[in-house]
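Q: Can you walk me through the empty space in this model? Short answers are fine.
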Amino acid sequence: MPRTAIRARLLDFLGDPAHSASAVRLVEDGLLLVEDGRIVARGEYGPLSRALSADEEVTDFSGCLLMPGFIDAHTHFPQLDVIASPANGLLDWLTNHTYPVEAKFADPEICLGAARFFLDELARHGTTSACVLGTVHAQSVDALFAEARERNVRLIAGKCLMDRNCPPELRDDADRGIEDSVDLATRWHGNGRLAYAITPRFAATSTERQLERAGELARARPDLYVQSHLAESEEEVRWIGELYPQARSYLDVYDTVGLLRELSLFAHCIWLDDADRRRFARSRAIAAVCPTSNLFLGSGLFDFGAAVQAGMTIALGTDVGGGQTFSMLATMRAAHDVARMKGTSLRATQLFYWATRGAADALGWEGAVGTLESGSEADFVVLDPAATPLLALRSAAADSIEALLFALMVLGDDRAVRETFIAGQPSKSWRRPATPLAAAPGDDNRTRVLARRFMGRLRNAPRGGVLKP
Ligand code: GUN
Ligand code: ZN
């Protein structure tokens, strides 16, 4: 593959801007060189361009900001058709909108149609990695992984474990749920850039036995991720109190069985007390904060001030389809607004850090993504500060990188995403290559056969709309 040279303003983070004033690294007129899916050089355009050969073309994004791609720390690919479904809070929304749509994912064709649409949308919004919940059906995660493998996306996903308090067609059982998870992890974890997450949906839809089995697996396999929901709405927290009367708190339910640990992601984390926050921080688990979802469902306001004070690791999630958008810019904006409602002012640099390097490092991807460092994987986004008339007007008046990022997150959305590069490939309008799946490190033949089977069946399926009954 030939080398790609890109000219733009280069922005990344050397660390958490909360801890160091010099954590933001900006090259006003920069050049990035990409080869074989990796960044091979970065720096000032002037000196670095002299190393280009005479016939090497430069892709010119001058005026645009090129930064590590966004990482969505919590989202649901089967909930495309659930977005914009009004409800009286979380439990009503789950029962009347979400579960009926998820039941359709018994059909592998529905799964793959949704996986394609979902991955297209991630790329359109500048998101290069995500932590994704499937449905209870193993085939939903097979379809998502197969499609992500084809596009070489760095992705974490898992099938939901849920063996009670949900419709019978969405129920697994404690043993089979774990067997299916182990089988999926065997086939996909470490395959290309894919990773598996043990995914008990939330404590209300798992029996204690299922949570214990999930915890056993989490202890036996510290390399696997864990993802779940925690303390999202008050009504839910009351229900958890009834289901687990012996527990000190909702967090205690997960901690007792061994699910609270490094590489564990918990969405929401709104209704925690300070003792929970300190316990959460000590565990080094990740709070995936999903403000657009929390506002839409009326779940509550995440307390950024208290969480930072306690030392909790924070990442941001869209929580599609409780969340209303794939845009991490819109998610940052909502995070800012939610923080303001609790008396905290978040800086744009802090929010962009959480959405890029902060998430990457917390997920154990330090040095691989979330940075523009030479040698890292070429997952990055190009943002256009003049994408709309109002954004152009406001950006022109920005006198610092903080002010420019602030304008981008307040006024920007998918229109501000000029291009998304995934493993060095422009992916905002990804097109399926004519050649079938290529072998990659970590592939075994079984995986490729499975992936080809899904791809082959649906290669010519119409895009979108497949979830409608
Ligand atoms: N809690 C359990 N399941 C879900 C879900 O699908 N979305 C949200 N937002 N919360 C949940
Ligand atoms: Zn969720």
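Q: How many cavities of 30 Å³ or more does the structure hold?
A: Three. Keep in mind that this is a predicted model.

Q: How much space lies in the largest cavity?
A: About 110 Å³.

Q: What lines the largest cavity?
A: His 76, Gln 79, Leu 90, Trp 93, Leu 94, Arg 201, Phe 202, His 229, Glu 232, Glu 236, His 268 and Asp 319. By class, that lining has four nonpolar, four polar and four charged residues.

Q: Which helix gives the most to that lining?
A: Helix α2, residues 90–102, with three residues.

Q: Switching to pockets. How much space lies in the second largest one?
A: About 390 Å³. Its lining has 20 residues, and the closest to the pocket centre are Asp 16, Val 308, Met 312, Gln 350 and Trp 354.

Q: Which elements give two or more residues to that lining?
A: α11 (304–310), β13 (313–316) and α13 (348–362). The most comes from α13, with six residues.

Q: And how do the lining residues of the second largest pocket divide by class?
A: Nine nonpolar, eight polar and three charged.

Q: New topic: helix α8. Why is α8 largely enclosed by the rest of the structure?
A: Because six of its eight residues, in the run 250–257, are buried. Those are Tyr 250, Leu 251, Asp 252, Val 253, Tyr 254 and Val 257.

Q: What covers them?
A: The cover includes helices α6 (208–220), α7 (234–243) and α9 (274–283), plus strands β10 (225–230) and β11 (264–268).

Q: What about the backbone just after α8?
A: Gly 258 sits there, with a positive phi of about 95°.

Conventions: Residues are numbered from 1 along each chain as its sequence is written. Chains are lettered from A and ligands numbered from 1 in the order in which they are written. This is a predicted model: local features need pLDDT of at least 70, side-chain atom pairs count only at pLDDT 80 or more; totals for chains, interfaces and linings use all residues. Side-chain values use heavy atoms; hydrogens and water are left out. On a 1 Å grid over the protein atoms alone, a cavity is a set of points where a 1.4 Å probe fits but cannot get out, and a pocket is an open set with protein on both sides within 12 Å along at least five of seven lines; lining residues have an atom within 4 Å of a point. Grid points are joined across faces, edges and corners, and a volume is the space filled by probe spheres set on the points. Helices (H or I, at least four residues) and strands (E, at least two) are DSSP runs, numbered from the N terminus. Ala, Val, Leu, Ile, Met, Phe, Trp, Tyr, Cys and Pro count as nonpolar, Asp, Glu, Lys and Arg as charged, and the others, Gly among them, as polar. Buried means under 20% relative accessible area, exposed over 50%, partly exposed in between (1.4 Å probe, protein chains only). Contact means heavy atoms within 4.5 Å.
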